[in-house]
Amino acid sequence: SAEIGYNVLSFAPRVQKHKLYPFLRYDFYDTMWRTEGVIVKQPRQQRNTITTGLNWQIADYLVVKAEYQDRILGSSKPQGRKQRERTFSISMGFVY
């Protein structure tokens with residue numbers, strides 16, 4: 001996994017209360033890696049994920065997050081292309 005993000009509002013000295021972090025993350029995981037015995041490895045469990053989004057800290061304790069995720073599964077469709085899962089989410093959280 002690798003992730004990068006930066007508070008772009010740090011360049012605006014007049015905006016002290018808010019923080020805005022655009023970010024980009026890459027993940028790879030395979031929950032069936034190194035299976036043993038009679039367990040059959042299933043390519044669907046292998047995932048490459050690219051996530052991009054924004055974290056907007058609107059107060060010292062409150063953050064709003066929006067992100068888009070594109071997961072590419074290890075298994076293929078009948079046409080030979082890899083299966084994809086695309087999601088968009090918005091959430092709110094507390095910073096403590």
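Strand 2, residues 19-30, gives the most to a nonpolar patch on the surface of this protein, contributing 3 residues. The model we are looking at is a predicted one. The members of the patch are Ile4, Leu24, Tyr26, Phe28 and Ile50, and together they offer about 490 Å² of accessible area. Let me take one of them, tyrosine 26, which is placed in strand 2. Is tyrosine 26 buried, partly exposed or exposed? Its relative accessible area is 38%, so tyrosine 26 counts as partly exposed.

Let me now step back to the whole chain. The protein has 5 strands and 0 helices. Read from the N terminus, the order of elements is β-β-β-β-β. There are 96 residues in the protein, and 23% of them count as buried. The accessible surface comes to about 7500 Å², and carbon and sulfur atoms hold 59% of that surface. Consider also the contacts in the protein with a separation of 6 or more: 40% of these are made by residues 24 or more positions apart.

Leucine 62 gives us an example of residues meeting across the sequence. Leucine 62 is found in strand 4, which covers residues 62-76. With a relative accessible area of 15%, leucine 62 falls under the 20% limit and is therefore buried. Which residues does leucine 62 touch, once those up to four places away in sequence are set aside? They are Trp56, Gln57, Met92, Gly93, Phe94 and Val95. Of these, glycine 93 stands 31 residues from leucine 62 along the chain, yet their C-alpha atoms are separated by 5.9 Å.

I turn next to charged side chains. As a general point, side chains of opposite charge can pair when their charged atoms come close. How many salt bridges does the structure hold? The number is 7.

Please look at aspartate 70. Its side chain meets that of arginine 84 in a salt bridge, with 2.6 Å from N to O. Arginine 84 belongs to strand 5, residues 82-94, and aspartate 70 to strand 4, so this pair ties together parts that lie 14 residues apart in sequence. Aspartate 70 also forms a salt bridge with arginine 86, here at 3.7 Å from N to O. That second pair again links distant parts of the chain, with arginine 86 in strand 5 and aspartate 70 in strand 4, 16 residues apart.

How accessible are these three residues? Aspartate 70 has 13% relative accessibility and so counts as buried. Arginine 84, at 44%, is partly exposed. Arginine 86, at 51%, passes the 50% limit and therefore counts as exposed.

Strand 2 residues return in our next example. The side chains of arginine 25 and aspartate 27 meet in a salt bridge of 3.4 Å, N to O. Both arginine 25 and aspartate 27 are buried. They also take part in a network of salt bridges that links Glu3, Arg25, Asp27, Lys65 and Glu67.

Finally, a word on the aromatic rings. The structure holds 1 aromatic pair. This pair is formed by tyrosine 6 and phenylalanine 11, with 5.8 Å from centre to centre. The planes stand at 35 degrees to each other, and the pair is tilted. Which class of accessibility does each partner fall into? Tyrosine 6 is partly exposed at 49% relative accessibility, whereas phenylalanine 11 is exposed at 63%.

Conventions
Residues are numbered from 1 along each chain as its sequence is written. This is a predicted model: local features need pLDDT of at least 70, side-chain atom pairs count only at pLDDT 80 or more; totals for chains, interfaces and linings use all residues. Side-chain values use heavy atoms; hydrogens and water are left out. Helices (H or I, at least four residues) and strands (E, at least two) are DSSP runs, numbered from the N terminus. Buried means under 20% relative accessible area, exposed over 50%, partly exposed in between (1.4 Å probe, protein chains only). Contact means heavy atoms within 4.5 Å. Accessible areas come from the Shrake-Rupley method with a 1.4 Å probe; for residues, only the protein chains shown count as cover. Patches are made of residues with over 30% relative accessible area and no salt bridge: like charges are joined within 9 Å, nonpolar side chains (Val, Leu, Ile, Met, Phe, Trp, Tyr) within 5 Å. A salt bridge is a side-chain nitrogen of Lys or Arg within 4 Å of a carboxyl oxygen of Asp or Glu. Rings of Phe, Tyr and Trp (its six-membered ring) pair if their centres lie within 6.5 Å; planes under 30 degrees apart count as stacked, over 60 as edge-to-face and the rest as tilted.
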